[in-house]
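Welcome to this short briefing. Take a moment to look over the sequence and the model, and then follow the notes below topic by topic.

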Amino acid sequence: MAQDHDHHHHGVSAETQIRPLAVALALIVSFMAAEVVLAVVADSLALLSDAAHMLIDAAALGMSVWAARLALRPAGGRMTFGFRRAEILAAQANGITLLLLGALIVFEALRRLGSPPDVDGAIVVGTAVAGALVNVLALTQVARANRANLNVEGSFRHLLTDLYAFAGTAVAGAVIWTTGFQQADSIASLAVAGSMLWAGWPLVRRSGEVLLEAAPAGLAPDEITAAIRSHSGVTDVHDLHVWEISSGFPALSAHVLVGRGEDCHGIRRELEAVLHERFGIDHTTLQVEHTSDRLLDIIRRDR
């Protein structure tokens with residue numbers, strides 16, 4: 001059994017990861033509190049849905065910070081992979097809350113389209129513009145963290161859709177302010193809800209794939225099997241599993257049979273090099289054994 005652990009050099013980078021996320025979180029939370037008050041004063045569902053969106057942003061960032069801190073903990077005891085998967089759970093929780101809140105806002109917006117309340121357009125415009133500025137500040141912070149991480153990318157997406165949402169709300173406020181067309185508020189909140197559903201679904205899907213141990217996107221198990229099988233000295237490969245422990249941390253295990261006169265350890269090292277260079281997989285467990293008539297019989301029977 002060859003265990004080849006990847007010792008991540010994310011001790012230093014992780015602290016620099018967490019800081020910008022924490023700054024963005026503080027910005028979002030403080031603005032969100034003000035926005036809820038203004039939404040109630042202006043009687044605007046669009047502002048309230050923006051605030052709901054910001055609540056999700058805050059949850060997303062909060063979970064990113066929490067998961068990034070957890071992921072730093074060393075593996076040990078029963079947690080042999082450490083807490084790397086906490087990030088995937090956070091991403092999934094984010095996606096699900098986005099979908100639920102989006103659906104709620106759609107329901108309320110459709111109800112309000114029938115009998116629109118009196119919305120104060122001026123407050124809506126002012127708040128939306130301020131919100132957009134806060135968002136841009138938060139985005140510049142999050143952009144400094146590692147976006148290859150599904151968790152951080154989730155937070156970044158949230159903030160980006162939020163920015164579009166604020167733009168839509170500002171337009172709606174301006175329309176109400178200038179023309180008195182009250183339905184503009186509900187239409188804008190529908191657009192915000194749409195952006196929430198649009199951002200939430202891929203997060204739920206991708207985190208679900210990781211939790212179901214699917215092969216990481218861009219890694220085809222058939223290709224990997226073919227690459228191992230075509231390696232000189234290898235006679236067969238079976239029980240190949242490739243999965244993702246957390247964003248950017250793929251793992252592979254396989255049972256490899258080699259010709260009778262071959263050097264098991266030499267071939268294992270060569271295969272590890274191939275997996276690293278061609279597929280970027282460093283965490284591998286390869287069980288390499290010599291082919292014998294008995295083993296071949298077992299494999300034929302299993303097939």
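Let us begin with one loop residue: Glu213 is partly exposed, because its relative accessible area is 41%, and it lies between α6 and α7. Please keep in mind throughout that this is a predicted model. From that starting point, the notes move out to the whole chain and then to its helices and a few single residues.

**Two residues with positive phi**

- Glu213 has a phi near 60°, a positive value in a residue that is not glycine.
- Glu213 follows helix α6, so you can find this residue by tracing that helix to its end and reading on into the loop between α6 and α7.
- Asp239 is another non-glycine residue with a positive phi, in this case near 50°.
- Asp239 sits in strand β2, and its relative accessibility of 52% makes it count as exposed.

**The chain as a whole**

- The protein chain holds nine helices and four strands.
- Following the sequence from its start, you meet these elements in the pattern β-α-α-α-α-α-α-α-β-β-α-β-α.
- The chain has 303 residues, and 48% of them are buried.
- Among contacts with a separation of 6 or more, 75% are between residues 24 or more positions apart.
- The chain exposes about 14900 Å², and 62% of that comes from carbon and sulfur atoms.

**Helix α2 and its partner α3**

- How many of the 28 residues of α2 are buried? The count is 20, so this helix is largely enclosed by the rest of the structure.
- At 1.5 Å a residue, α2 should span 40 Å, and its end C-alpha atoms are indeed 40 Å apart, so the two values agree.
- Helix α2 covers residues 45-72 and helix α3 covers residues 86-114; their axes come within 9 Å and cross at roughly 175°.
- Angles over 145 degrees count as roughly antiparallel, and α2 is therefore roughly antiparallel to α3.
- On the α2 side, the residues making this contact include Leu45, Ile56, Met63, Trp66 and Leu70.
- On the α3 side, the contact residues include Glu87, Asn94, Thr97, Leu101, Ile105 and Arg112.
- Sorted by class, the contact of α2 with α3 has 18 nonpolar, three polar and three charged residues.

**Helix α6 and Val204**

- Helix α6 runs over residues 183-211, which is 29 residues.
- From its first C-alpha to its last, α6 reaches 42 Å, close to the 42 Å expected at 1.5 Å a residue.
- Val204 lies in helix α6.
- Is Val204 buried or exposed? Its relative accessibility is 16%, and since buried means under 20%, Val204 counts as buried.
- Leaving aside neighbours within four places in sequence, Val204 is in contact with Gln92, Gly95, Ile96 and Leu99.
- Val204 is also 9.8 Å from Thr97, C-alpha to C-alpha, although the two are 107 residues apart in sequence. Thr97 is one of the α3 residues in the contact with α2.

**Asn135 in helix α4**

- Asn135 has its place in helix α4, which covers residues 121-142.
- Asn135 is buried, with a relative accessible area of 0%.
- Which residues does Asn135 contact, leaving aside its neighbours within four places in sequence? They are Ile28, Met54, Leu159, Asp162, Leu163 and Phe166.

**His231 and Arg268**

- Where is His231 found? Look in the loop between α7 (221-229) and β2 (234-246).
- His231 is buried, at a relative accessible area of 16%.
- Not counting residues up to four places away in sequence, His231 touches Ile267, Glu270, Leu271 and Val274.
- Arg268 belongs to helix α8, which covers residues 264-279.
- With 18% relative accessibility, Arg268 counts as buried.
- Arg268 and Glu289 are 21 residues apart along the chain, and their C-alpha atoms are separated by 9.8 Å.

Technical notes:
Residues are numbered from 1 along each chain as its sequence is written. This is a predicted model: local features need pLDDT of at least 70, side-chain atom pairs count only at pLDDT 80 or more; totals for chains, interfaces and linings use all residues. Side-chain values use heavy atoms; hydrogens and water are left out. Axes are lines fitted to C-alpha atoms, for helices over the stretch in contact, and angles run from 0 to 180 degrees between N-to-C directions. Helices (H or I, at least four residues) and strands (E, at least two) are DSSP runs, numbered from the N terminus. Angles under 35 degrees count as roughly parallel, over 145 as roughly antiparallel, 65 to 115 as roughly perpendicular and the rest as oblique. Contact means heavy atoms within 4.5 Å. Ala, Val, Leu, Ile, Met, Phe, Trp, Tyr, Cys and Pro count as nonpolar, Asp, Glu, Lys and Arg as charged, and the others, Gly among them, as polar. The expected span of a helix is 1.5 Å times one less than its number of residues. Buried means under 20% relative accessible area, exposed over 50%, partly exposed in between (1.4 Å probe, protein chains only). Accessible areas come from the Shrake-Rupley method with a 1.4 Å probe; for residues, only the protein chains shown count as cover.
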